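Work through the exercises below with the sequence and the 3D view open. Try each task before you read its solution.

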Amino acid sequence: MRGWNFSAGPAAIPQEVIKEVQEELLEYNSSGASIIEIGHRTDIYSQVAEESKNDLIEILKIPNSHEVLFLQGGATHQFSMIPLNFRNMGNNADYVVSGTWSKKAADEASKLIDVNISASSENMSFSVFPKCSDWDISKHSSYVHYCPNETIQGIAMHEIPKIDKPLMADMTSVILSQPLDVSKFDLIYAGAQKNIGPAGLTIVIISKELMEKGDSSLPKILRYSEHSKANSMLNTPPTFSWYFAGKVFKWIKRSGGLDYFEALNKKKAEKLYDFIDSSDFYVNNLQKSQRSLMNVTFNLKNDDLNSSFLDESKANSLLNLKGHALVGGMRASIYNAMPEEGVTKLIQFMSEFESKYG
Ligand SMILES: *Cc1c(COP(=O)(O)O)cnc(C)c1O
């Protein structure tokens, strides 16, 4: 039996989408073969790929100024692909360090480009998100990189920074959770396995103008502009994940688009944070305005109860609530695929657990 899956990633996928994929897995659309057995350059697959891309463009209202790429290597590969492509544009690059993922991005970039840490909350254990007005942007940097939703700490920046430089964002754990003004960014990237679909696919949304300025001496496979020229089929793409993501995009569309998910996601997160704040048993110390709507981190005031909490939640079909090993405690990831009912069930359980042990 499928449980309520709070995994941070790979994360829950809507059951109706999994069923749809299951139904057509043996034979895709009278082709005589499964979608995973068809060449990526066939008419039948090209249509799947194009439709998936067009649906994403429609959902996110991606302007014509931007290209959408379906790549591999995960978000982590972007940590090096970005500096490789754009280090020729300036003396250094600005990185805002607000949690584990943006720190990793900065560390990896520093092997390829001179990195200026524009702001960092590391000495406060990432308990606050550095205020945009305090970011120290260098004069001759190539770009500014930040991560608006830190999946591990559960801390987020909800406003888009106003910066007069190419702005790049790791949106792995927040993309498609709400409408987004894509035009404000020069590059957005996201590993698919949080809020898009199965692992193996990385979405990159990139300003076409910027893309052309990338270092032309790089091997093709590392250049955004080459991927674009080849329609993301420079080599065999992750065909199953690309197709699967297309099914999720259709689900988003028929559910009511990103306005629908924004309202739903706010409602789910508010419910859960309100419950945590009202209890003396659970705690989340982040400022309300900086709390993630996707990854709700919390601690039990008595750490000794952690393993009982995890055992008993699992017995109640509430899965994968263990926080990341770096920060401990608990984390409930409530991406688009988590229905409100799952959050209600979690709160019910947390309340009963509190009555039993509090
Ligand atoms: C999960 C995650 C990553 C790592 O993604 P991979 O696809 O495994 O490389 C990077 N950044 C953020 C914000 C994440 O949530």
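**Exercise 1. The shell around the ligand**

How do the residues of the shell around the ligand divide into nonpolar, polar and charged?

Solution. Keep in mind that this is a predicted model.

Step 1. List the neighbours. The ligand is surrounded by G74, A75, T76, W101, C147, N149, T151, D170, T172, S173, Q193 and K194.

Step 2. Sort them. Three are nonpolar, seven are polar and two are charged.

Step 3. Look for the main contributor. Helix α3, residues 74-86, gives the most to this shell, with three residues.

**Exercise 2. Contacts with ligand oxygens**

Find how far A75, T76 and T151 place an N or O atom from an oxygen atom of the ligand.

Solution. Take the residues one at a time.

Step 1. For A75, use the backbone. One of its backbone N or O atoms lies 3.0 Å from a ligand oxygen.

Step 2. For T76, turn to the side chain. An N or O atom there is 2.5 Å from an oxygen atom of the ligand.

Step 3. T151 also uses its side chain, where an N or O atom is 2.4 Å from a ligand oxygen.

Step 4. Now consider the cover. On its own the ligand has 390 Å² of accessible area, and the protein covers 87% of that.

**Exercise 3. The annotated lysine**

Locate K194 and decide: is K194 buried or exposed?

Solution. Start from the record.

Step 1. An unreviewed UniProt entry carries the annotation "modified residue: N6-(pyridoxal phosphate)lysine" for K194.

Step 2. Place the residue. K194 sits in the loop between β9 (187-191) and β10 (202-207).

Step 3. Apply the cut-off. K194 has a relative accessible area of 11%, and buried means under 20%, so K194 is buried.

Step 4. Link back to the ligand. K194 is one of the residues that surround the ligand.

**Exercise 4. Two lysines and D55**

Explain what the salt bridges of D55 with K250 and K253 tie together.

Solution. Begin with the principle. Side chains of opposite charge can pair when their charged atoms come close.

Step 1. Check K250. Its side chain meets that of D55 in a salt bridge, 2.5 Å from N to O. D55 belongs to helix α2 (residues 43-60) and K250 to helix α7 (residues 239-255), so this pair ties together parts 195 residues apart in sequence.

Step 2. Check K253. The side chains of K253 and D55 form a salt bridge of 2.7 Å, N to O. K253 lies in helix α7 and D55 in helix α2, so the pair joins parts 198 residues apart in sequence.

Step 3. Compare accessibility. D55 is buried at 5% relative accessibility. K250 is partly exposed at 31%. K253 is partly exposed at 32%.

**Exercise 5. A pair within one helix, and a network**

Which helix holds both K266 and E262?

Solution. Follow the pair, then widen the view.

Step 1. K266 and E262 both lie in helix α8 (residues 257-278). They are four residues apart, about one turn of the helix.

Step 2. They form a salt bridge, with the closest N and O atoms 3.8 Å apart. The cut-off is 4 Å.

Step 3. Both partners are partly exposed: K266 at 40% relative accessibility, E262 at 25%.

Step 4. Salt bridges can also link up. E16, E20, E24, K247 and R254 are joined in a network of them. The total count is 23 salt bridges.

Terms used: Residues are numbered from 1 along each chain as its sequence is written. This is a predicted model: local features need pLDDT of at least 70, side-chain atom pairs count only at pLDDT 80 or more; totals for chains, interfaces and linings use all residues. Side-chain values use heavy atoms; hydrogens and water are left out. Buried means under 20% relative accessible area, exposed over 50%, partly exposed in between (1.4 Å probe, protein chains only). A residue is near a molecule or strand if one of its heavy atoms lies within 4 Å of it. A polar contact is a pair of N or O atoms within 3.5 Å; within protein, one must be able to donate a hydrogen and the other to accept it, and residues adjacent in sequence count only if both atoms are side-chain atoms. Accessible areas come from the Shrake-Rupley method with a 1.4 Å probe; for residues, only the protein chains shown count as cover. Ala, Val, Leu, Ile, Met, Phe, Trp, Tyr, Cys and Pro count as nonpolar, Asp, Glu, Lys and Arg as charged, and the others, Gly among them, as polar. UniProt positions are given in the numbering used here, feature names are shortened, and annotations may be inferred rather than shown by experiment.
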